[in-house]
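Colleague: I am new to this one. Could you show it to me and take my questions about how the labels were chosen?

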Amino acid sequence: MDYAYYYERMNTEAVGRYDVTPLFADGDVFANLVSDLLDPFADDYTRVVGIEALGFVLGGAAACEAGVGFVPVRKGGKLPLRDDEMLRCEVTDYSGEGKTLELAAGALDGGDRVLVVDDWVETGAQMRAACDLVESADGEIAGISVLRAHRDERTRDLFERYDVYSLG
Ligand SMILES: O=P(O)(O)OC[C@H]1O[C@H](OP(=O)(O)OP(=O)(O)O)[C@H](O)[C@@H]1O
């Protein structure tokens, strides 16, 4: 699929960010995106993890397509669990705001190979935190698949450490 065409349409220069949600509204494009996100990983995973919120849209659809379970990494305060039932990571992302990401401590089985899906990676802060949470929960990272990943000094460690696939 020619993603360049779609990225043109997503470019919202007013705020210097992309709005990917129109891609989800087109059924054919959405189906293609999901299948392209999964393609390089050849069923080499047992779970998909998505980061709230747009990572839930892509990750949920990807898990369903792949026939594996989906596990959410939630923004702080959303999981209806006690503190000792959650793994937690504080991050400062592209927005400059501090955010908390949380994963239910028992959400993964030991030995789970996890594909982490999200819409984009800019500083890598949220993706790094999600991968750390997965590993703290005894999961192994099978790969990272996103619509767009900036590849620069800020994200170098992610590319060195993991198999990162970016559609555009
Ligand atoms: O590489 P980073 O600097 O961490 O930025 C990328 C992250 O920021 C966005 O999430 P956001 O918290 O804005 O939520 P959203 O999914 O609702 O857009 C995006 O979905 C990624 O998760």
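Colleague: Which elements each supply at least two residues of the shell around the ligand?

Modeller: This is a predicted model. In it, β7 and α5 each supply at least two residues of that shell. The largest share, four residues, comes from β7.

Colleague: What makes a residue part of the shell around the ligand?

Modeller: A heavy atom of the residue must lie within 4 Å of the ligand. There are 16 residues around the ligand, and Tyr 94, Asp 118, Asp 119, Glu 122 and Thr 123 come nearest. By class, the shell divides into six nonpolar, three polar and seven charged residues.

Colleague: Why is the pair formed by Thr 123 and the ligand called a polar contact?

Modeller: The cut-off for a pair of N or O atoms is 3.5 Å. A polar side-chain atom of Thr 123 lies 2.5 Å from an oxygen atom of the ligand, so the pair counts as a polar contact. Lys 75 also has a polar side-chain atom placed 2.9 Å from an oxygen atom of the ligand. For Ala 53, a backbone N or O atom lies 3.0 Å from a ligand oxygen atom. Each of these two distances is within 3.5 Å, so both pairs are polar contacts as well.

Colleague: How much of the ligand's accessible area does the protein cover?

Modeller: On its own the ligand has 500 Å² of accessible area, and the protein covers 89% of this.

Colleague: What is the space taken by the ligand?

Modeller: The ligand takes the largest pocket. About 300 Å³ of space lies in this pocket. Of its 22 lining residues, Tyr 94, Asp 118, Asp 119, Trp 120 and Gln 126 are the closest to the centre.

Colleague: Which elements each supply at least two residues of the lining of the largest pocket?

Modeller: They are β2 (17–18), β7 (113–121) and α5 (125–136). Here too β7 gives the largest share, four residues. The lining has ten nonpolar, three polar and nine charged residues.

Colleague: Back to Ala 53. What kind of peptide bond joins Glu 52 and Ala 53?

Modeller: A cis peptide bond, with omega about 5 degrees. Most peptide bonds are trans. Ala 53 lies in the loop between β3 (47–51) and α4 (54–66).

Colleague: And what is the sign of phi at Ala 42, positive or negative?

Modeller: Positive: phi of Ala 42 is near 40 degrees, and this residue is other than glycine. Most residues other than glycine have a negative phi. Ala 42 lies in the loop between α3 (27–38) and β3.

Notes. Residues are numbered from 1 along each chain as its sequence is written. This is a predicted model: local features need pLDDT of at least 70, side-chain atom pairs count only at pLDDT 80 or more; totals for chains, interfaces and linings use all residues. Side-chain values use heavy atoms; hydrogens and water are left out. On a 1 Å grid over the protein atoms alone, a cavity is a set of points where a 1.4 Å probe fits but cannot get out, and a pocket is an open set with protein on both sides within 12 Å along at least five of seven lines; lining residues have an atom within 4 Å of a point. Grid points are joined across faces, edges and corners, and a volume is the space filled by probe spheres set on the points. Ala, Val, Leu, Ile, Met, Phe, Trp, Tyr, Cys and Pro count as nonpolar, Asp, Glu, Lys and Arg as charged, and the others, Gly among them, as polar. A polar contact is a pair of N or O atoms within 3.5 Å; within protein, one must be able to donate a hydrogen and the other to accept it, and residues adjacent in sequence count only if both atoms are side-chain atoms. Accessible areas come from the Shrake-Rupley method with a 1.4 Å probe; for residues, only the protein chains shown count as cover. A molecule sits in a cavity or pocket if more than half of its atoms lie within 2 Å of its grid points.
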